[in-house]
Amino acid sequence: MKINRILTIATSAFITLGAIAADDAQMNRFIDNLMSKMTLQEKIGQLNLPVTGDIITGSSVSGDVVGQIEKGKVGGLFNMKGVASIRSLQEIAVKKSRLGIPLIFGMDVIHGYETVFPIPFALSMTWDMDAIEQSARIAAIEATADGISLTFSPMVDVCREPRWGRMSEGSGEDPYLGSRIAEAMVRGYQGDDLTMPNTMMACVKHFALYGAPEAGRDYNTVDMSHVRMFNEYFPPYKAAADAGAGSFMTSFNTVDYIPATGNRWLLTHVLRDLWHFDGFVVTDYTAISEMINHGMGDLQQVSALALNAGTDMDMVADGFVGTLEKSLQEGKVTEEAINTACRRILEAKYKLGLFDDPYCYLDEQRGKTDIYTSEHRAEARRIATETFVLLENSDNLLPLKKQGTIALVGPLANTRANMPGTWSVAATSERYSTLLEAMQRAVGDKGRVLYAKGCNVCYDEELEKNSTMFGREMRDPRSADELRNEALQMAAQADVIVAAMGEPSEMSGEASSRSDIAILDAQKDLLTALKATGKPIVLLNFSGRATVMTWEKENFSTILNVWFGGSEAADAICDVVFGDVSPSGHLTASMPKNVGQVPIYYNHLNTGRPNPKWFTKYTSNYLDVDNEPLYPFGYGLSYSTFSYSPMALTDTAMTRNGSIKASIKVTNTGSREASEVVQLYIRDLVGSISRPVKELKDFARITLKPSETKTVTFTITADKLKFYNSELIYDCEPGEFDLMIGPNSCDVETRRFTLQ
Ligand code: BGC
């Protein structure tokens, strides 16, 4: 088969739908033949995905995996690391099970492998689709070199809920940007040819709406209108499906009061009938058995519900393998449904080339040459520099000079394991630098870098313990006074203080919701004491979500949000802090003034009583805070400044088959090369349903030398004006539209045009 594929590629000029159909026909014949030999138990076995390895995210662990593989009761395994151990289990499947069907090996390769890229939320801040695709490409090269052929990524859940810890794993609040990122990730992982040994299958998750849990509490209820689903939350999943993603993962939450894993409307009507997705659907970890707690019945009932809804593979719950046979006998599921699910799993294996060579991802040699290479690390470092968002620099304190005495202070300044960020399963943190090490390296003998921890993450030991799991503990046994005094003595000798503060990496991620997302008590006290020294302070804020930084903004003139930058984060931070690279990240989530404003997002609807900028009785506002975010979606400074020319429009009216071009000239008015993200928003002024006050519809990331000008041109076609109406019909409606261009969602120039 591989030879056939290579021939097909070599003659790619002749690739036609006919050739693809021929390929499919060949696959279908192969699978028909294989399935004709399979027993019912073996078919059900393919639907079973138990867990092995060290990384488990629920309370259940699978037992006797080897015995089950021999009996043909396992379709794949996940979160095992290393060619040798994966090969030993693949050999059992191939040599000891009756039909020798190879296993598929999955892993949560979320933001890189041993070369770790910034957490996905941070990556989204780059607005750089090439960089994001490249991060996924490198992740695929490394993971496949280590035996993995399926990654549980991209996570494309739109999120307006910063209390939810998993904001860290997604691309923020915007469906348009999230869609472009979803496509880039799928392209990066899967490449053009899944049978290549260095590409892997993507698994889009978590389908669907997982990013909108009530009160931000993980796994909690989700409830929203279908109009909102289709316009605001579904687009990135659809974009990933359209980009050819091979698999989808169901989410833990309910959708219309039915858990996603058992929701036929979602998994069959939307995903397959409307979007024509033809890959396989795997559940999230024990999501089938969790439907018992959701009140959907016992294990047999919920397993049948899942299969009938369109779930193909059961992750860890043992529901399919344990009950489907009985359900078939009792007429609760059909053989056809089991066959369909089995076929989809076998197709995935076929597409990955596993039937050709079950060991094609198990090349010991590649493991030695393709992982954590200097080229990959250089890319990770470059890309990390693009993720940092400069929130404040009013005194132009940044960039720092490599001279004098720098006091590096804070609980996150000297932590190695904490650098890569949450969900870095394959990380080898012992090889990564702490910020202190990188800073000492960067400054060399041109200056001095002093270090003091200054405080623990927070005063509450239990909270710190729960926020620094997985070997990322860092608590210092000394008293708060001792820690602070040491830092103050250090600061007294310094010309400038660099404070490395924020959340430790496991304070975001799965099951890491926070009800209060403001600065932690011990860190606030330390910063207050440092400020009292009168020394200039650069505040580096680590976080995995949008946090509340109102107090920081009031008290500090220099704030750089660095999120979690991956294995090369420490060097990348120094590249930006010392000015080798100008920061260029732009926020992909609005940052609230306080947690009471949540959910706060730029693309909201208007109310009948729109809010003025200050409190007014009987309008839509709060008594104690205004409606604006502290920092808006799209915001981010650099070490340079940019001026925008007035917008030029080719026309002020268009037909539905026509287009308008909107151009703007952007000039770098500062003295350094820097990148800017030019953003296009559109508002549909009158519609058959209420429409958002603005929606991102395009963007361009440009790099300009000092005094250089570039023209950015956006083309507006009917596609950019379409939305799902109350009948869920996707179309545009004639009328007036506002077109807005600017460096963030608040600072925009607006022009009006008409769709005839
Ligand atoms: C998470 C998924 C992950 C899975 C497998 C679950 O707990 O929600 O995102 O892919 O575990 O590790």
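**Exercises on strand pairing in a predicted model**

Seven bridges join strand β26 (residues 735–742) to β27, and the two run antiparallel; the structure is a predicted model.

**Exercise 1.** Work out which residue of β27 stands opposite Ile 741, and how many residues lie between β26 and β27 in their hairpin.

*Solution.* Begin with the pairing itself, in which β26 and β27 are antiparallel and share seven bridges. Within this pair, Ile 741 faces Glu 749 of β27. Finally, follow the chain from one strand to the other: β26 and β27 make a hairpin, with six residues between them.

**Exercise 2.** Determine whether β19 and β27 run parallel or antiparallel, and name the bridge partner of Ala 653 in β27.

*Solution.* Strand β19 (residues 653–654) is joined to strand β27 (residues 749–755) by two bridges, and these strands run parallel. For Ala 653, the bridge partner in β27 is Thr 754. Strand β27 is thus bridged to β19 in parallel and to β26 in antiparallel fashion.

**Exercise 3.** For the open sheet of six strands, give the strand order, and explain why one side of β2 and of β9 is left without a neighbour in the sheet.

*Solution.* The order is β2-β3-β4-β5-β6-β9, and the pairing is parallel. Because β2 (76–78) and β9 (280–282) stand at the edges and each has a single partner strand, one side of each lacks a neighbour in the sheet. Elsewhere in that order, β5 (residues 201–207) and β6 (residues 247–250) are joined by three bridges and run parallel, with Val 204 opposite Phe 248 in β6.

Methods
Residues are numbered from 1 along each chain as its sequence is written. This is a predicted model: local features need pLDDT of at least 70, side-chain atom pairs count only at pLDDT 80 or more; totals for chains, interfaces and linings use all residues. Side-chain values use heavy atoms; hydrogens and water are left out. Two strands pair if DSSP finds at least two bridges between them. Helices (H or I, at least four residues) and strands (E, at least two) are DSSP runs, numbered from the N terminus.
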